[in-house]
Protein chains: 2
Amino acid sequence: MPNHFKEASIDEINQVMQRSHAAFELFQKKSIEEKSIFLDTIANEIEALGDALLQKAAEETNLPIGRLTGERARTTGQLRMFATMLREGSWVEATIDTAIPERTPLPKPDLRKMLIPLGPIVVFGASNFPFAYSTAGGDTASALAAGCPVVVKAHPAHAETSEMVYSAIKKAIAFCNMPADVFQHVHGTSFESGKALVQASHTAAVGFTGSTLGGKALFDYSAQRKNPIPVFSEMGSINPVIFLPDTLQKNTADLAAQYSGSITLGMGQFCTNPGLMLAIDSPALRDFLDHLSTGIETVQPAKMLHQGIHTAYVKKSHDALEQKGVTVVQQATTVAHDIEALPTVALVSGETFLANPLLHEEVFGPYSLMVACQDEDELITVLKSVSGQLTTTVMGTIQDLTDHQQLVETLPSIAGRILFNGVPTGVEVCASMVHGGPYPASTDSRFTAVGINAVKRWIRPVCYQNWPDSLLPLALQDANPLHIWRLVDNEWKK
Amino acid sequence: MPNHFKEASIDEINQVMQRSHAAFELFQKKSIEEKSIFLDTIANEIEALGDALLQKAAEETNLPIGRLTGERARTTGQLRMFATMLREGSWVEATIDTAIPERTPLPKPDLRKMLIPLGPIVVFGASNFPFAYSTAGGDTASALAAGCPVVVKAHPAHAETSEMVYSAIKKAIAFCNMPADVFQHVHGTSFESGKALVQASHTAAVGFTGSTLGGKALFDYSAQRKNPIPVFSEMGSINPVIFLPDTLQKNTADLAAQYSGSITLGMGQFCTNPGLMLAIDSPALRDFLDHLSTGIETVQPAKMLHQGIHTAYVKKSHDALEQKGVTVVQQATTVAHDIEALPTVALVSGETFLANPLLHEEVFGPYSLMVACQDEDELITVLKSVSGQLTTTVMGTIQDLTDHQQLVETLPSIAGRILFNGVPTGVEVCASMVHGGPYPASTDSRFTAVGINAVKRWIRPVCYQNWPDSLLPLALQDANPLHIWRLVDNEWKK
């Protein structure tokens, strides 16, 4: 996807990272309140861009204004959430073990630990979230909150939107008297520019949202470094949904309505889109598929994000439907125009699914494959055969859960988030959210890309031994001047 | 280092990991109290091995009985610390955001998060800590506490000691009715066996303590997997110690006594050994070196851990001393016997150090290099030129710290632990400890290998959305049956 912005050269990228490193030292001297105001101000400045920002994003991504309005609110909400986190302060996990000079055979020293920023963070935004996972999205907000300067590579598919958000951040930098290079913005469409950003000596960590291919490439670039750095890539997921027999029997139409909506929401262009459905074959399942088919049929096709995504959707859905044993349950018959996507549901047996790895692959778009299994054992086998996921969902009655305990116990091993009677699309931004999961849902299942814990990707602990109180960071001083929760001699205190 | 144990074949290793995976499912069903008793019982059974264990370890490692007695206490203490952590319970970071059904435009679901085990962990023990970083050492204790089964590759240099500790763990498994394969023990001396352990499909993560070469190899094996897994390697460190002018002037003899002790403690075979000293050149520095020289001279040489380490020490210290501009301050004149090490202190200018990367390398053993700098600027440049470290130490008066603020501010960026007026050798096992640091001190500076937070290497968050209360893990149920600290709607509650 070419655009009219100049591609950053390798030299320019190294200079950008050098400036980011210099900004890191300055940024660390800013107070908690200064950093909080900075995050709040970025949110204010994004809002101040008004409808022009929404219109530009709609023009570049084909996403409807309503959706973009919501996404903008989520983006500014995230920035303000991290500002609140900074003011609350316990995120640094301050931990104190006081000295025991009289201990034998050796005295115990005074030890105090807290989390500190890693350094310059490179963020690769997502095509499908021009605000919330892009320029001033969750990765940027959490990295700035951590105290790390950020370099964003604008997503080529919405580079002008990215420039507008960048202009808002620049205003916030000036207004808050922050180091000019605490946030920098580069353009690039080549793998080479991505490689240079990951391999620049001053890059301390990387955040990415997108394809498995892209995320794994960045991960590999880091592994090739003299000093490997953390790369958090949030990548592919087919988000299995299990429909259990009792609910399938009792709530056929309701379930079909919920899922025809979830599969086609935003033309399926969510990393949490339910691309795989599992059930034990039964007349109720066939009935459900009839209802689902009707629901899908009525969905109005809409334009996908860009040409490349549409081409991939047409190819990948076509390839999947061509596989032996796969039947089309429903594919909208409306003639699709331009880069509109045809919502599609397909059906396959458990045996065929297990034998064909291609069917395990993500088809990014309004596509879902129902795997009809012979029995619970086969269903569990199918579930265990899929790779790591962002989410796994169970639709069932309480009776269902009691009848299928072994299945339910399997769920946490598959995914970062497990849902009961809901749809995986829609990611709440809160402390309990986990957006990440076993590979390839993300490159490191120990972290989340959404919620306040997203900050943990960019921080590391440092321990101060026998340090003079007045020279300790405020979070670790005896008097607890920040009034934060701390673990003091193994007890939580404030 | 060959020994008489049979090398595990690639097939056997895959079978071991398969059994570990099967044990994982069973181990997860054990209660917190059962797991705690298991850890306590391992500690008891290690103690029950009595003097025979100490004698075997002394025979294999040449370490003195006194040191081994202390290390055994640390090892059993660690196991009991993790048992206590399990009973206390807040380590799972239970986080709850309750539903807001009436929220518009969309209702807020109920979301609850906690940390769960990753799966089978492979542990590569250290040569220099036959107990505390080996078979039942910190990696094993933290992984079992996390709920992960463990496979240890015995260190070839103390394979019989490892077998004895393994026998204690087997007794604990039987006594506690744990799955037989919750802990398994393999032998191997080749890179191939290490590679097979890291690349087995069921391996979920890896812990390693040892050389940069070995740790990086394991890291690379993981990066080559279809699904990369976390590898926490704790590797090389030269642990810079900065002697500031005022203290060097006032406490010359005391400093020299402290550091001649620290440099030669355990024949320098600690990852926290002070291998690099920095100071601004002055008559006081020369006086300090004279005192240090006298201190080093009186140290009785002792046998190193094994032939390979001795050979490496002789070669690396010789190579360092051969470099242009390096002078020997003191090398014990006693004729060394067998595999005894000669304690050595060398001196070089800041300029020469900066120009010669070989001088930045770790010389594992009782060796330390003093870098005499022209001024504070050069000292900071030298400090910034060294790679990531486990520790950095400042020796100074309060006046020194005030006079050298910029230097002091640089310290956290270098290391995981920064000390004031102490010696880096001696790692306290407590919640505030950080044993890890920027690469190559460890492969991921966001984690520690020592203290209760070592458990965080082996766990990942999982989020339950709209899950029925009775089917939630106890840590997340409404009534808080475990009585643990939890973050509920952004407030800490118990």
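**Figure 1. Symmetry of chains A and B in the predicted model.** Chain A is superposed on chain B by a rotation of 180° with 0.0 Å of shift along the axis, at an RMSD of 0.0 Å; the fit is by least squares on the C-alpha atoms of residues with pLDDT of at least 70 in both copies. The two copies are thus related as by a two-fold rotation axis. In chain A, the C-alpha of Ala223(A) is the nearest to this axis, at 3.3 Å. Of the interface residues of chain A, 100% are also interface residues in chain B, so the copies meet through the same surface. This is a predicted model, in which local features need pLDDT of at least 70, side-chain atom pairs count only at pLDDT 80 or more, and totals for chains, interfaces and linings use all residues. Residues are numbered from 1 along each chain as its sequence is written, while chains are lettered from A and ligands numbered from 1 in the order in which they are written.

**Figure 2. The open sheet of 12 strands.** The strand order is β10(A)-β11(A)-β12(A)-β9(A)-β8(A)-β13(A)-β14(A)-β15(B)-β2(B)-β1(B)-β16(B)-β17(B), with mixed pairing. Strands (E, at least two residues) and helices (H or I, at least four) are DSSP runs numbered from the N terminus, and two strands pair if DSSP finds at least two bridges between them. At the edges stand β10 (327-331) of chain A and β17 (491-493) of chain B, each with a single partner strand, so one side of each is left without a neighbour in the sheet. From one strand to the next, the twist averages 20°.

**Figure 3. Strand pairing between the chains.** Strand β14 (residues 415-420) of chain A runs parallel to β15 (residues 459-465) of chain B, and three bridges join them. Ile418(A) is opposite Tyr464(B) of β15(B). Likewise, three bridges link β15 of chain A to β14(B) in parallel, with Ile418(B) as the bridge partner of Tyr464(A).

**Figure 4. Helix α10 of chain A and its surroundings.** This helix (residues 252-264) has 13 residues and reaches 18 Å from its first C-alpha to its last, close to the 18 Å expected at 1.5 Å a residue, a span taken as 1.5 Å times one less than the number of residues. Among its buried residues are Leu255(A), Tyr259(A) and Ile263(A); buried means that 20 or more other C-beta atoms, placed from the backbone, lie within 10 Å of the residue's own. The buried residues of α10(A) pack against elements of chain A including β8 (240-243), α9 (245-250) and α11 (283-297), contact being C-beta atoms, placed from the backbone, within 7 Å. Just after α10(A), Gly266(A) takes a positive phi of about 55°.

Methods:
Two residues are in contact if their C-beta atoms, placed from the backbone, lie within 7 Å. A residue is buried if 20 or more other C-beta atoms lie within 10 Å of its own, exposed if 12 or fewer, and partly exposed in between; C-beta atoms are placed from the backbone. Axes are lines fitted to C-alpha atoms, for helices over the stretch in contact, and angles run from 0 to 180 degrees between N-to-C directions.
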